[in-house]
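Open the model in your viewer and keep a selection box ready. The tour goes stop by stop: select, look, move on.

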Amino acid sequence: MPAVEELSAKDVGPHPLLAFLQSQPKKALSRLYQRPSSCLCIFRLLGPLERQIVMNILWLDASIPASTMSSWVVREGKKEYDQALIELSRIDVLVNSATELTLSATFKTSLRQAITGGGSTGSFGVPLPGHSEHPTPSIATLDTYALEKWESILHYMVSSGTGLPSAKPSAGVEFLLERSGLMAKAREMTSSQITSTGFQFLLHTPHDQLWALLLQYLEMSEERKTDIVEVISFLFMLSTMELGKEYSVDTLTKAQEHMLSDLRDYGLVWQRKATPRRFSPTRLATTLTSSLPPLPTATGAGGAGDSKGEGFIVLETNYRIYAYTDNPLQTAVLNLFINLKSRFPNLVVGSITRDSVKRALMNGITADQIISYLTTHAHPQMRKNKPLIPVTVQDQIRLWELEKNRVKSDEGYLYTSFASLADYEYVLKHGRELGVILWESAARRCFFTSVEGHASIRLFIERSGQNQQPNRG
Amino acid sequence: MPPRRHDDIMDVDSEGSDASLDYDGPRRKGKGKAPKKKDKGKSKVTEAPYAWEASYVRSWDTVQEDESGSLQTAVDDLIARGRRKRLLAPSKAIRRTIIRHLIIILDLSNSMTDRDMRPTRFDLTLEYTREFVNEWFDQNPLGQIGMVGMRAGVGERVGEMSGNPPDVLRAISERHKLEPTGDPSLQNAIEMAKSTMSHLPTHSSREILIIFGSLTTCDPGNIHETLESCIRDKIRISVVALAAEMKICRELCEKTGGQFGVAMNEGHFKDLLFELIPPPAQQTTSSALTARLASGAPANAPGNAGGDLMLMGFPTRLPDTSPPSLCVCHSELKSQGFLCPRCSAKVCDIPTDCDVCGLMIVSSPHLARSYHHLFPVKTYRAVMTTEETANSSPKCHACARMFQSPAPSGPGRKASTAGKADGSTSTTNGNSESNSIDGREGAAIDTGADGISALGRYRCTDCSNDFCADCDVFIHDVLHCCPGCER
Amino acid sequence: MDRSSHLSVILDLCPTQWSLSAKPSNPHPLPFDTFLSHLLVFLNSHIAYKHENSLAVFGALPGKSVLFYSSEEAGDLSTAEVVQSDPNSYRFFKTLDQSLVQRISREFDILGQPDTEEPPALVGALTKAICYINRLLHPAQTLSSPEDSANLPEPRILILSVSPDASNSYIPIMNSIFSAQKLKITLDVCKIFGPDSVFLQQAAYLTGGSYIYLEHREALLQYLIMSFLPTPSIRKIITIPTEDKTDFRAACFCHKHIVDVGYVCSVCLSIFCQPVPVCSTCRTKFPMKTLQRLNMTRTPSQPSTPRPTNGTPTRQVFSGLAANLR
C-alpha cells in the first residue's frame, strides 16, 4: 500500500527541528548545548542510529579512531552509518574530523550531566509546591485546556474557508498563521482565508502540525531579534517537565517570560491568570520530543487513558463514510473532501463523491493526503481489513486526481514539412529506436521529440543529407 | 497455537488400558475408538441433524449488559471463562510419543483442481501443509516428516524424510512441480510411505497423514492387504478428506488408530489438520504394560513399543568465524556446523545421526522443548473469598498488575451470565469439545463454582502466591513454569 | 523503524558472589556499589534513548525474586511525590535512581547475614520478567489487531549474572527461553563474574541475543552501552559481539551433571549420565538387552569440563575501548 509506505517513510525522516538547528551558527548551538535539558531533547530527536553513536562515545574521555568505530558496522549499514555521522557533525554534536570521533565538549558535558544528574544549571525547570489557595490543575483540566486551544486554532482555519463564523484566536496566533502561509488575507476582504498549504496542514497529524507551527514561531522570533537559544531551550525545558506540576516563572529570562503568553495561546502552557508567577505545561508541551499523541482523544467518548483509540472513520467500498465523532473540527476537516449527508449526536455520515474530491483537489489537497488521512484515522474495526482502505476507493480518488492533470506538458521540438513520406518514416524510425518520440502524426507528417532527443535527431537528419528545417515547438 | 485436545487423547489412553486383556493393542483400540466416534457423530445428529436444521442461537441472548449498559464486562467474562476452561484439564502427566515420524501423502490428482475451497483445493492444501509443518516441528522438535504425492496412478516421492523444517518446506515450495493430474492411488502411495518407514526403531511412532481430495482410488492390488500390513507395522494412518467420506478411508483410520475427518470448509480443514499436531498419547505401551503385568510375560516381547534407553550426544556449535573445514554429511567446506561429542566429526544440521559414529546428535533445547508435556504446572486454585486475600500481596506475583479491589458485584448476575456463557461457548467451539469439558467440570468442582475467581486471583497451591487471570493462562499455556515455585 | 523498546533488567544479587567479585585479589575487582553506579547510568541512558522507552528492574535474591522498579510506577504521581524535585535533573532519572537504590539496600538489610545461602532465584525473576512483558504485549485481548503491533514496544531482557548455573533450574530456564522465543523477546546476558553459564549461553543464542563475558570489569558501563543499549533493529547495522561457541550440553536428571553424551529415555526424554534400568521420571523399564549393550560401550565416566572458549576479535576491540575509559 503506497499510503502506508509514505507514512512510515515520514516517520523515519529527520526531525524538522534538526534542519533548523543546522542553519544556526555554531556559537548559538554551543550556547544551547550548555543546558542539559536541551542536550537530552536534541538527543531524543536524533535518529536511532545517531543516538547509538552518541551513546557509544559519550563516556570515552579520549577520542576514538574512526576506523575502530566503523569496524562495528556491518557492510550493508555503512551508508546509513556514514550518513548518521554527517548529520551529527552538521549540528555540531560531533567534532568534524576524518580520523577521530569526538563529541563536542559542551554537548558531552551537558548530556553526561543530564543522565547522571547534578550541576547547577536548573535547566529542567524549578517546580513549585502546590499553592494553598489555588490547587494545582488536574491533568484532565490541562488536557481539556490544551485541546480547546489547539482545536480552536484549527477550527478557525477550516471555517475561514467555508465562510462560517467561528471564534477568532488571539492576534498572535492569527499573525503566525498568516506568516506561515497557512492563511492569507485576500485583498478585498478583511479576514484571512485558508490557503492550499493550510488545507494540507489540516490533514497532518497533530504532532507534525505542532512542530510546523513552532518552527514558524522560531523563525519569527529570529526576525524579531529575540535570542533564539533562549526560545529553543525553553521549548526543550517544557518538554522535559512533568504533566500536572507547577513551575516557577522566576528563573526564566525576560525573553522566555514573554514567550509564555504566546505559548499559552497555542495551548502549550496553562496559567491561572495573565501574569502569574507560576505555570504548568500541558500534554502538548510534554510530548514534544516523543511520538506519543500530543492530544487526548479528540472524540472524548473513549476515555482519556485510551491513547490508541483515535480512529473513528469507517469507509466502505461503496464510498460511504461513517465517522464516529461529535467533534466539530473533525467534521469540518472531513467536510473538506466528503459530502456530508446526515449528522447524529455521535455520528456523521457522508460519502466520497467526484465533486467532493474535486473540490478538495482544487483547494490544493492531494489524493495521497486524503488517503493518508483516512488511513491514520481509520476505526479499529477497519484495521482488520487488508488493505485498510478499500482498493476501489483508493484507486478512484487517485483517478480523480489524474483527471485533473489531463493535459501533460513536455518541452521538446516539433519536426514538420518532410519532403516525402519515405523521409518522414526514415527519420521517425531512427527516433523510435532512440526512444525520444513523444508524439507523431503520419497524416500531417510531423512528430515531436523530447529535448534530449533533439540533438541526435538533428545530427541524423543532417548526416542523411536532408535539408528540412526543424521548427522549434 | 491450536487448541490442544487433551480430552481426546486422554480418552484414547484410558481406553487403551481397558484393553488389558486383549494383547493386540492397536486393533482392539481401533474398535474401541470406532463406537466412540460414532457416538460423537450421533450426539451431533440428535442436536442438529444438518447445519440448516439447527436451531438458531441468538448470540445476543447469551450476554448481558452491566449496570452502565455496556457489554464490555460480559464480553470480558466470556473470554476469561473460555480461556480458563482449557486449564481445568487434569495436569496429570500422560505418556506421549515424542519421537515421531510422519509421512504426509498429498493428493495430486485431477480432483484437487476443484474450486469448492478457495482458491483451489490444491493451493489451499499447499498453504495449510506449510503451516502444518511449521507448527508440527515446533511441537515435535525430534520428529521427522517426509512427503509423498499421489498422481497419475502412482506414488511419487516428493520429499525425503527429514527433521529439518526448511528441507521439508522446500519439497512443497515449487508449485509447478506438483501440478495435479490423473487419478490417485492410495495403495501405491501407502506402500511407498510404508517402505520409507520400515527401518525405523521401535520407540518412535510411524504415522501417515493423507490429504485426500478424490472420491476414487486406482489401485494395482487389494488395498485391504496393505491395510493389514500397516496394522502389523503399527503405522497410524489419519485421513483428511476434502470431498466426502469414503469407506476405505474411514477403515484405514479406524483400524490403525488414526483420525478421520471430512473438511466442511476452509476453516474446518485447517482445524482437522492441526488436531494432528500435538504428540499423541502413546497408544501401545500402557496396554502392553498392563498386559505384561497381568500375564507376567517377559518384557522384551516382540512388538513392545515401550521405553528404551537411547544414547544421545549434545554437540558444540561452531561459530561462523571459525576456520572452514569439511563436513561429514555433504563434504563441503563450511565454517559453521556442529561437532559430534564422541568422534568430533562435523555435521551441518541437528538433530541427526552422526555419519561417522552413528551417535544420535541432538541439541539439548530440542529435548527441552518437549519437557513441558511431561512436567505440567499444577492448576491454580481460584481464590473466592476476600478473607483469603487478607495477607497476600495486592499485586499479581508474576506481572505486578494490581488486583481489582474486592468490590462485591451482584453475585446473582454473575451466576446467570455464567450459565448462559457456557451455552454460548459450547456452540462456538463445536459440540464434541464442550461435551468432554462439561464432563470434567464435575471433577474440578473443588476449584470453585467453575474455576472463575470473582477477585481475579488464582493461587498456586504450592507457593501460595496469587496470579492474575492473564498470567494464569500464560503460565499454563506458554511458560510452563510457576514464577513462585520456580519449577 | 524507530519503535520504542522495553527493557527488563534482571540483577543477580547473590551476596557471596558479589563479595568475591569485590575482592582486591581479583585481576579486575568490581565492588557492588561501583556496579550499581554504572548500572544506573546505563538504565538512565535507556530511558533517555526515547521518551516512550520503558523499563523494569527485577532482582534475583537468594531464595526470592523482587520487582524493584518499573516505568509504570514512575508515571504514578503518588509514589513520585516521595522523590524530591530537583531543577537540575530529569525527574524520571531521579525517581529511578532513588527508588532502585533504596529498595536494593532494603532487601539487603532484610537478608542480613544468614549462615547458609540459597542460590539466587534467577528463574523466578526471569519468569516474572516474561510475564510482565506478556502483559505489556497484550494490553487488552479484545483490542488486539495486527496493525496495533507496530505500536507495541520491542521487548528485551538483560540478565546481569554473577553466580554459576544452578543445575536444577535447567528445565524452567529452558521453558522460559521457549516462551521468550514465542513472544519475540531478545535475551541478553552479561556475565559479570564467575564461570560461564551454559544455560544462559543457550538462552542468548536461542533468542538472538548476545552473551558477553565481562573481562575488563572496570569497563562495565562501556560494555553495557555498546552491547546492550542498541535495540534489535539497530543491531542490524551496528554489530555487537555474540558468543561464538555455544554449548548445547544439558544437565542429567539423576545427578544434575552437565553431560556431553547422555542416555535418554525414549518415552519422556529424561537425560541420565549413566545407563539406568528404570526411568526415574516416567517409571518405564528399559529392556535388559539395551542396558547390557550400553554398559559395554560406555566410556569411563568423564567429569564434564568446561569447554575452552576463544577470545574473539570483538573482545579485543573492547579492550581498546576500555583503555580509553576514564
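## Stop 1: a stretch of chain B

Select residues 340-357 of chain B. Helix makes up 0% of this stretch and strand 22%. Its end C-alpha atoms sit 9 Å apart. What does UniProt list for residues 340-357 of chain B? An unreviewed entry there gives "zinc finger region: C4-type". Bear in mind throughout that this is a predicted model.

## Stop 2: chain B as a whole

Now select all of chain B. Colour by secondary structure and you should find 15 helices and 17 strands. Chain B has 487 residues, and 42% of them count as buried. Turn to the contacts in chain B between residues at least 6 apart in sequence: 67% of these join residues at least 24 apart.

## Stop 3: a hairpin in chain B

Select residues 144-162 of chain B. Strand S2 (residues 144-151) and strand S3 (residues 154-162) of chain B pair here in the antiparallel sense, with six bridges. Pick Arg151(B): its bridge partner in S3(B) is Val154(B). The two strands, S2(B) and S3(B), form a hairpin, and two residues lie between them. Click Ala152(B) in the turn. Its phi is positive, about 50°.

## Stop 4: helix H8 of chain B

Move to helix H8 (residues 247-256) of chain B. Which residues are buried in this helix? They are Cys249(B), Leu252(B), Cys253(B), Glu254(B), Lys255(B) and Thr256(B). Glu254(B) and Lys255(B) are worth showing as sticks, as both are on that buried list. Step past the end of the helix. Gly257(B) follows H8(B), and its phi is positive, near 85°.

## Stop 5: where chain B touches chain C

Show chains B and C together. In this interface, 50 residues of chain B are in contact with 57 residues of chain C. Several elements of chain B each supply at least two residues to the side that touches chain C. Select them one after another:

- helix H3 (72-87) of chain B
- strand S7 (309-313) and strand S8 (316-318) of chain B
- helix H11 (364-368) and helix H12 (371-374) of chain B
- helix H15 (469-479) of chain B

Colour this side of chain B by residue class. You will count 28 nonpolar, 13 polar and nine charged residues.

Zoom in on S7(B). Which strand of chain C pairs with S7(B)? The partner is strand S10 (residues 261-265) of chain C, antiparallel, over five bridges. For a single pair, select Leu311(B) and its bridge partner in S10(C), Tyr263(C).

## Stop 6: the domains of chain C

Hide chain B and keep chain C. The domain assignment splits chain C into domain 1 (5-139 + 152-247) and domain 2 (250-297). Over C-alpha atoms, the centres of these two domains of chain C are 36 Å apart. How many residues of domain 1 of chain C are in contact with domain 2 of chain C? Four residues of domain 1 are in contact with four residues of domain 2. The domain 1 side of that contact has two nonpolar, two polar and no charged residues.

## Stop 7: the nonpolar cores

Stay with chain C and select Ile10(C), Ala129(C) and Cys190(C). These have the most contacts inside the largest nonpolar core, which has 251 residues. Helix H6 (residues 122-137) of chain C gives the most to this core: ten residues. Centre on Ala129(C). Beyond its neighbours within four places in sequence, Ala129(C) is in contact with Ser8(C), Ile10(C), Ala56(C), Phe58(C) and Ile157(C).

Another core lies apart from this one, with 51 residues. Select Leu124(B), Val148(B), Met197(B) and Ile277(B), which are among them.

## Stop 8: chain A

Finish in chain A, where 21 helices and 16 strands are found. Of its 473 residues, 37% count as buried. The assignment gives chain A domain 1 (13-122), domain 2 (139-286), domain 3 (313-404) and domain 4 (412-472). Centre to centre over C-alpha atoms, domain 3 and domain 4 of chain A are 47 Å apart.

Now select Phe199(A), in helix H11 (residues 196-202) of chain A. Why does Phe199(A) count as buried? Because it has 23 C-beta neighbours inside 10 Å, and the cut-off for buried is 20 or more. Next pick Asn363(A). Phe199(A) and Asn363(A) are 164 residues apart in sequence, yet their C-alpha atoms are 6.9 Å apart in space. Beyond its neighbours within four places in sequence, Phe199(A) is in contact with Ile194(A), Leu336(A), Asn363(A), Gly364(A) and Ile365(A).

Definitions and conventions
Residues numbered from 1 in each chain as written. Chains lettered and ligands numbered in written order. Predicted model: local features only at pLDDT ≥ 70, side-chain atom pairs only at ≥ 80, totals over all residues. Domains from an automatic or database assignment. Contact = placed C-beta atoms within 7 Å. Helix = DSSP H or I, 4+ residues; strand = E, 2+ residues; numbered from the N terminus. Nonpolar A, V, L, I, M, F, W, Y, C, P; charged D, E, K, R; others polar. Pairing = 2+ DSSP bridges. UniProt positions renumbered as here; feature names shortened; annotations may be inferred. Core = buried A, V, L, I, M, F, W, Y, C linked by C-beta atoms within 7 Å. Buried ≥ 20, exposed ≤ 12 C-beta atoms within 10 Å, placed from the backbone.
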